[in-house]
Amino acid sequence: ENMKKRMKSILGIILLIVFAFFYAHIAKVHNIYNKEIDPSAYSNTGVLTQLGVQQEFVCEEEHLDGIRIKSTVFNSAENTKLQYHLKNLSTGVVVASGEVEGKEIKNSKFFEFSFERVENCKEVPFEFSVYTNVPLGETSGAGFSYEQVKEENTSLTVAGEKVENGTLILKTVTHRFDVETFCVFLIFTLYVILFMRFLYNLFK
């Protein structure tokens, strides 16, 4: 009987660890902006045009799977297309690119620009650029939010003009196993199990 209980416990622990392992494979994000700044203090780029917007940053992860930017919609972005590319500034090579329909952009939401995984990124400087087919002077389209602070190792250019004090509200996205998530999930689950067992024994 004790052997059966022990085997059940061991099996339960193994299943829990396996589940936690898969659960901890997440989209790990790193903000290049200061999260402490109140969003009400953000500025926006205005309607993006063919001149686009370029943000330089240094990557913290070994690989990159996407970029998320807080977006703004002016009137409507239905009839626009956004082209984007990621350039390795150390080599000058464009390592990822793509195109999205403007109608996919939602106002005041983070939009993810996804691309094929880019390897060997840690501490590498990149430039992420987004352009649209919108002509100058147009009042409808998509744009991005930025804080009025130039963060370390960043540079922002909007419509061909350097923004002296500005950093896009941008997050890098890396799909990977996260040790912190794994540990927090295990600890929390074990706490719940032990607490439930304590209650069971208390009222038995």
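Contact means heavy atoms within 4.5 Å. The model is predicted: local features need pLDDT of at least 70, side-chain atom pairs count only at pLDDT 80 or more, and totals for chains, interfaces and linings use all residues. Residues are numbered from 1 along each chain as its sequence is written, and side-chain values use heavy atoms, with hydrogens and water left out.

**Exercise 1. Place K28, decide whether K28 is buried or exposed, and list its contacts.**

Step 1. Find the element. K28 lies in strand 1, residues 25-31. Strands (E, at least two residues) and helices (H or I, at least four) are DSSP runs, numbered from the N terminus.

Step 2. Check the accessibility. Buried means under 20% relative accessible area, exposed over 50%, and partly exposed in between (1.4 Å probe, protein chains only). K28 has 18% relative accessibility, so K28 counts as buried.

Step 3. List the contacts. Neighbours within four places in sequence are left aside; K28 then touches E61, T172, V173, T174, R176, D178 and E180.

**Exercise 2. Describe how helix 1 and helix 2 pack.**

Step 1. Two packed helices are described by the angle between their axes and the distance between the axes. Axes are lines fitted to C-alpha atoms, for helices over the stretch in contact; angles run from 0 to 180 degrees between N-to-C directions.

Step 2. Take the values. Helix 1 (residues 2-23) and helix 2 (residues 179-203) pack at about 140°, and their axes are 9 Å apart.

Step 3. Classify the angle. Under 35 degrees is roughly parallel, over 145 roughly antiparallel, 65 to 115 roughly perpendicular, and the rest oblique. Helix 1 and helix 2 are therefore oblique to each other.

Step 4. Name the contact residues. Helix 1 supplies L16, I17, F19, A20, F21 and Y23, and helix 2 supplies T181, F182, F185, L186, T189 and L190.

Step 5. Sort them. Ala, Val, Leu, Ile, Met, Phe, Trp, Tyr, Cys and Pro count as nonpolar, Asp, Glu, Lys and Arg as charged, and the others, Gly among them, as polar. The helix 1 and helix 2 contact has 10 nonpolar residues, two polar and no charged.

**Exercise 3. Work out the strand order of the open sheet and the partners of Q55.**

Step 1. Two strands pair if DSSP finds at least two bridges between them. The open sheet has six strands in the order 6-5-8-3-10-11, with antiparallel pairing.

Step 2. Find the edges. Strand 6 (93-101) and strand 11 (161-163) each have a single partner strand, so one side of each lacks a neighbour in the sheet. Neighbouring strands of this sheet are turned by 20° against each other on average, direction ignored.

Step 3. Look at strand 3. Strand 3 (residues 53-58) pairs antiparallel with strand 8 (residues 125-132) over six bridges. Four bridges join strand 3 to strand 10 (residues 155-158), also antiparallel.

Step 4. Place Q55. Its bridge partner in strand 8 is F128. In strand 10, Q55 stands opposite L156. Q54 stands opposite T157 in strand 10.

**Exercise 4. Describe the loop residues T154, S108 and A159.**

Step 1. T154 sits in the loop between strand 9 (141-147) and strand 10. T154 is buried, at 5% relative accessible area. Sequence neighbours within four places aside, T154 contacts I32, Q55, E56 and T167.

Step 2. Most residues other than glycine have a negative phi. S108, not a glycine, has a positive phi of about 60°. S108 lies between strand 6 and strand 7 (110-118), in the loop. S108 counts as partly exposed at 46% relative accessibility.

Step 3. A159 is not a glycine either, and has a positive phi of about 50°. A159 lies in the loop between strand 10 and strand 11. A159 is partly exposed, at 36%.
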